[in-house]
Amino acid sequence: GDISAQLNDQKELEKICLRIKSDRNPSVIVWIGTCTTEIVKMDLEGIAPKVEKQIEIPIVVARANGLDYAFTQGEDTVLAAMVHRCPEYKECKINRKEPNKQFEVQLVLNQESVFKQSQLTRFNLVLFGSLPSSVASQLNLELKRQSIYVSGWLPSQKYSELPGLGNNVYVCGVNPFLSRTATTLMRRKRCQLIG
């Protein structure tokens with residue numbers, strides 16, 4: 001529900017998140033702030049880590065100042081906020097396999113990452129934008145047939161599977177209206193945009 005400024009901020013948000021956790025069991029909760037902190041008198045960015053610790057579910061805070069946001073702007077805002085929670089792509093060790101001329105790439109992620117990846121790929125490509133899982137699977141298969149291997153998606157199926165981002169990671173949007181996400185990926189994570 002809509003949270004007004006009169007509520008006891010942290011306790012009320014915690015109660016709502018606990019109800020969401022029991023009803024839906026999400027891998028992540030997204031708080032979208034539609035008013036500035038000065039007007040609402042509620043610091044979502046400051047409250048989120050405390051509630052996250054209590055409920056043991058990651059909380060991503062997305063700022064969408066103003067109620068005139070369309071769905072596309074909302075998706076772009078949430079994905080841009082989620083970029084900051086992706087693990088840092090640190091290093092790439094390449095071992096050439098002579099018979100089939102493919103490369104084995106092992107991603108080394110920082111301590112914040114909950115998982116490690118290792119797969120055959122020629123370079124690290126992360127696709128960003130929301131698609132139904134069946135469409136994403138078809139796109140993955142079609143790209144694989146073209147010898148293009150996708151190393152991750154933003155958003156991922158599970159929050160714990162967010163892709164590593166950084167230098168030497170190429171990113172490509174699957175929707176044309178994700179300019180804020182693209183800018184965040186390039187400026188904050190130093191990714192290379194394919195467009």
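**Exercise 1. Take stock of the fold.** How many helices and strands are there in the protein chain?

*Solution.* Start with the secondary structure: the protein chain has 6 helices and 9 strands. Here helices (H or I, at least four residues) and strands (E, at least two) are DSSP runs, numbered from the N terminus. Keep in mind that this is a predicted model, in which local features need pLDDT of at least 70 and side-chain atom pairs count only at pLDDT 80 or more, while totals for chains, interfaces and linings use all residues. Residues are numbered from 1 along each chain as its sequence is written, and side-chain values use heavy atoms, with hydrogens and water left out.

Next, look at burial. Of the 195 residues, 39% count as buried; buried means under 20% relative accessible area, exposed over 50%, and partly exposed in between (1.4 Å probe, protein chains only). The chain exposes about 11,900 Å², and carbon and sulfur atoms supply 50% of that area. Such areas come from the Shrake-Rupley method with a 1.4 Å probe, and for residues only the protein chains shown count as cover.

Finally, turn to contacts, meaning heavy atoms within 4.5 Å. Among those between residues at least 6 apart in sequence, 64% join residues at least 24 apart.

**Exercise 2. Sort out the salt bridges.** Which residue forms a salt bridge with Lys-189, and which parts does the pair tie together?

*Solution.* A salt bridge is a side-chain nitrogen of Lys or Arg within 4 Å of a carboxyl oxygen of Asp or Glu. The structure holds 6 of them.

Step one: find the partner. Lys-189 pairs with Glu-88, with the closest N and O atoms 3.4 Å apart. Lys-189 lies in the loop between α6 (179-187) and β9 (192-193), and Glu-88 in the loop between α4 (71-83) and β3 (89-97), so the pair ties together parts that are 101 residues apart in sequence.

Step two: check the surroundings. Lys-189 counts as buried at 8% relative accessibility, and Glu-88 counts as buried at 18%.

Step three: widen the view. Glu-88, Lys-189 and Arg-190 are linked in a network of salt bridges. Arg-190 lies in the loop between α6 and β9 and is partly exposed at 37% relative accessibility. Its phi is near 60°, a positive value in a residue other than glycine.

**Exercise 3. Look within the helices.** How many residues apart are Glu-12 and Lys-15, and Arg-145 and Glu-142?

*Solution.* Begin with helix α1 (residues 9-24), where Glu-12 and Lys-15 are 3 residues apart, about one turn of the helix. Their salt bridge brings the closest N and O atoms to 3.1 Å. Glu-12 is partly exposed at 21% relative accessible area, whereas Lys-15 is exposed at 51%.

Now move to helix α5 (residues 133-145): Arg-145 and Glu-142 are also 3 residues apart there, separated by about one helical turn. In this salt bridge the closest N and O atoms are 2.7 Å apart. Arg-145 is exposed at 61% relative accessibility, and Glu-142 is partly exposed at 36%.

**Exercise 4. Follow the strands around β8.** In which sense, parallel or antiparallel, do β8 and β9 pair?

*Solution.* Two strands pair if DSSP finds at least two bridges between them. β8 and β9 pair in the parallel sense over 2 bridges, with Val-171 opposite Leu-193 in β9. Strand β8 (residues 169-173) also pairs with β6 in the parallel sense, over 5 bridges; there, the bridge partner of Leu-127 is Cys-172 in β8.

Then trace the connection: β8, α6 and β9 make a right-handed β-α-β unit. Right-handed means that, with the strands pointing away from the viewer, the path from the first strand over the helix to the second runs clockwise.

Finish with Leu-193. Leaving aside neighbours within four places in sequence, Leu-193 is in contact with Phe-128, Val-171, Ala-182 and Met-186. The C-alpha atoms of Leu-193 and Ala-182 are separated by 7.2 Å. Leu-193 is partly exposed at 37% relative accessibility.

**Exercise 5. Inspect a loop.** Which residues does a cis peptide bond join?

*Solution.* The bond joins Leu-154 and Pro-155, with omega about 5°. Pro-155 lies in the loop between β7 (152-154) and β8. Asn-168 lies in the loop between β7 and β8, and its phi is near 65°, a positive value in a residue other than glycine. Asn-168 is exposed, at 54% relative accessible area.
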